[in-house]
Amino acid sequence: MKISGQLTLHDLPRVCPLLCRQTNPRFGDFQTREVAVGEVRFGTGRPVVIAGPCAVESHDQTLAVARAVKRAGADMLRGGAYKPRTSPHEFQGTGVEGLCILRIAREETGLPIVTEVMDTRLVEQVAEYADMLQIGSRNMQNYPLLAEVGRAGKPVLLKRGMAASLAEWLGAAEYIAKQGNLDIVLCERGIKAFAAGEYSRFMLDLNVVPAVLANTFLPVIVDPSHATGVASMVEPASRAALEFGSHGVMIEVADFGLGRPRCDADQAISGETLARIVRFADRYYERSVMEHAA
Ligand code: PEP
Ligand code: MN
């Protein structure tokens, strides 16, 4: 029986010829194409740690978290100015004011900024402020948005759709690549699967990390915060992600001294926990370099 639209990893040369290993032999079986965001390098060298608040709520909250992120030794600052919320009655982010706050945080800390863009009409605006544009899970298959972001001239962090297969995810990345932008970093953030929602927010699909590495030359990172939804799971999930070959992690951090965050409070970790994750990433990298040399 033939089924319309059925897709397997064997179809990748047709689905994403610009990005899959089979059609890009110059990257061999293992090589990753480096993506640079300012001084930060994804895919080669040290794992990249991105951290910051879920949402940019205010100047004081964002600056406090940004300082904690910098102190912890992380590489980049995250924070949503435009938030994709399940209900339209929930806090939607602070918009352009949030982008201005992120710019101030970058000026003070020197950390490059990644922030989400949800609307084709706002790509130009967000690209003016961000060092890297984030496509969220809910928009992974928003094809006009992917094309617009591909034309914006900025590196892109493409989160996996919460119900997307690897082939669908790479097909989405191909929309960005087709505009001439190969500076794409993939981000696994948990999927809807059997047990998701019962004892964790989603199912963290670490198995996909080696599969990504085997099928494309793009770097891949893991978001343990949205994947688990539980602060105490974020540190072990980060370590596990690195063990699975992830090129980095993206983590939500909060300063509860300034009040409870308006979104995703239960998955936010402290600056101290973040510092431990950064130390683990550094040691993990040093160890793997030494093992490689031996
Ligand atoms: C986020 O990282 O801010 C976010 C909303 O995550 P996701 O799109 O993975 O749900
Ligand atoms: Mn969040």
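This passage describes the ligand shell, several helix packings and a handful of individual residues in a predicted model.

A good place to start is the ligand. The residues around ligand 1 are Cys54, Gly80, Pro84, Glu116, Gly136, Ser137, Arg138, Lys159, Arg189, Asp223 and His226. Sorted by class, this shell holds five charged, four polar and two nonpolar residues. Two members of the shell, Cys54 and Gly80, return in the surroundings of Gly93. The loop between strand E4 (76–78) and H3 holds Gly93. Gly93 is buried because 24 other C-beta atoms lie within 10 Å, and the cut-off for that label is 20 or more. Setting aside residues up to four places away in sequence, Gly93 touches Ala55, Val56, Gly80, Ala81, Tyr82, Lys83 and Gly98. Cys54 is 39 residues from Gly93 along the chain, and the C-alpha atoms of the two are separated by 9.7 Å.

Attention now turns to the helices. Two packed helices are described by the angle between their axes and the distance between the axes. For helix H2 (residues 59–72) and helix H3 (residues 95–109), the angle is about 35° and the axes are 10 Å apart. H2 and H3 cross in a right-handed sense. On the H2 side, the contact is made by His59, Thr62, Leu63, Ala66, Arg67 and Lys70, which meet Ile101, Leu102, Ile104, Ala105, Glu108 and Thr109 of H3. The contact of H2 with H3 comprises six nonpolar, three polar and three charged residues.

Helix H9 (residues 231–243) and H10 offer another pair, with axes that come within 10 Å and cross at roughly 15°. H9 and H10 are therefore roughly parallel to each other, since angles under 35 degrees fall in that category. The crossing of H9 past H10 is right-handed. Glu235, Ser238, Arg239 and Leu242 from H9 meet Thr273, Arg276, Ile277, Phe280, Ala281 and Tyr284 from H10. Five nonpolar, two polar and three charged residues make up the contact of H9 with H10.

Further along helix H10 (residues 271–293) sits Glu286. Glu286 is exposed because it has 11 other C-beta atoms within 10 Å, where 12 or fewer is the limit for that label. Glu286 and Gly45 lie 241 residues apart in sequence, while their C-alpha atoms are 9.6 Å apart in space.

Helix H5 (residues 143–150) shows how a helix can be covered by its surroundings: Leu145, Leu146, Glu148, Val149 and Gly150 are buried in this helix. The cover over these buried residues includes helix H4 (123–129), strand E6 (132–135), strand E7 (156–159) and helix H6 (166–177). What angle do the axes of H5 and H6 make where they cross? The axes cross at roughly 45° and come within 7 Å. H5 is therefore oblique to H6. Tyr143, Leu146, Ala147, Val149 and Gly150 of H5 meet Ala172, Tyr175 and Ile176 of H6. By class, the contact of H5 with H6 has seven nonpolar residues, one polar residue and no charged residues.

The remaining residues to visit lie in loops. Phe244 is placed in the loop between H9 and strand E10 (248–252). Phe244 counts as partly exposed because 19 C-beta neighbours lie inside 10 Å. Apart from residues up to four places away in sequence, Phe244 touches Leu206, Val209 and Pro210. Leu206 is 38 residues from Phe244 along the chain, with 6.6 Å between the two C-alpha atoms.

Asp264 is found in the loop between E10 and H10. Although Asp264 is not a glycine, it has a positive phi of about 55°. Asp264 is partly exposed, with 19 other C-beta atoms within 10 Å.

Finally, Arg33 takes its place in the loop between helix H1 (12–15) and strand E1 (35–37). With 18 other C-beta atoms within 10 Å, Arg33 is partly exposed. Arg33 touches Phe27, Gly43, Leu182, Phe217 and Leu218, again not counting residues up to four places away in sequence. Between the C-alpha atoms of Arg33 and Ala294, which are 261 residues apart along the chain, the separation is 25 Å.

How values were computed. Residues are numbered from 1 along each chain as its sequence is written. Chains are lettered from A and ligands numbered from 1 in the order in which they are written. This is a predicted model: local features need pLDDT of at least 70, side-chain atom pairs count only at pLDDT 80 or more; totals for chains, interfaces and linings use all residues. A residue is near a molecule or strand if its C-beta atom, placed from the backbone, lies within 6 Å of it. Ala, Val, Leu, Ile, Met, Phe, Trp, Tyr, Cys and Pro count as nonpolar, Asp, Glu, Lys and Arg as charged, and the others, Gly among them, as polar. Helices (H or I, at least four residues) and strands (E, at least two) are DSSP runs, numbered from the N terminus. Axes are lines fitted to C-alpha atoms, for helices over the stretch in contact, and angles run from 0 to 180 degrees between N-to-C directions. Angles under 35 degrees count as roughly parallel, over 145 as roughly antiparallel, 65 to 115 as roughly perpendicular and the rest as oblique. A crossing is left-handed if the near helix is turned anticlockwise from the far one by less than a right angle, and right-handed if clockwise. Two residues are in contact if their C-beta atoms, placed from the backbone, lie within 7 Å.
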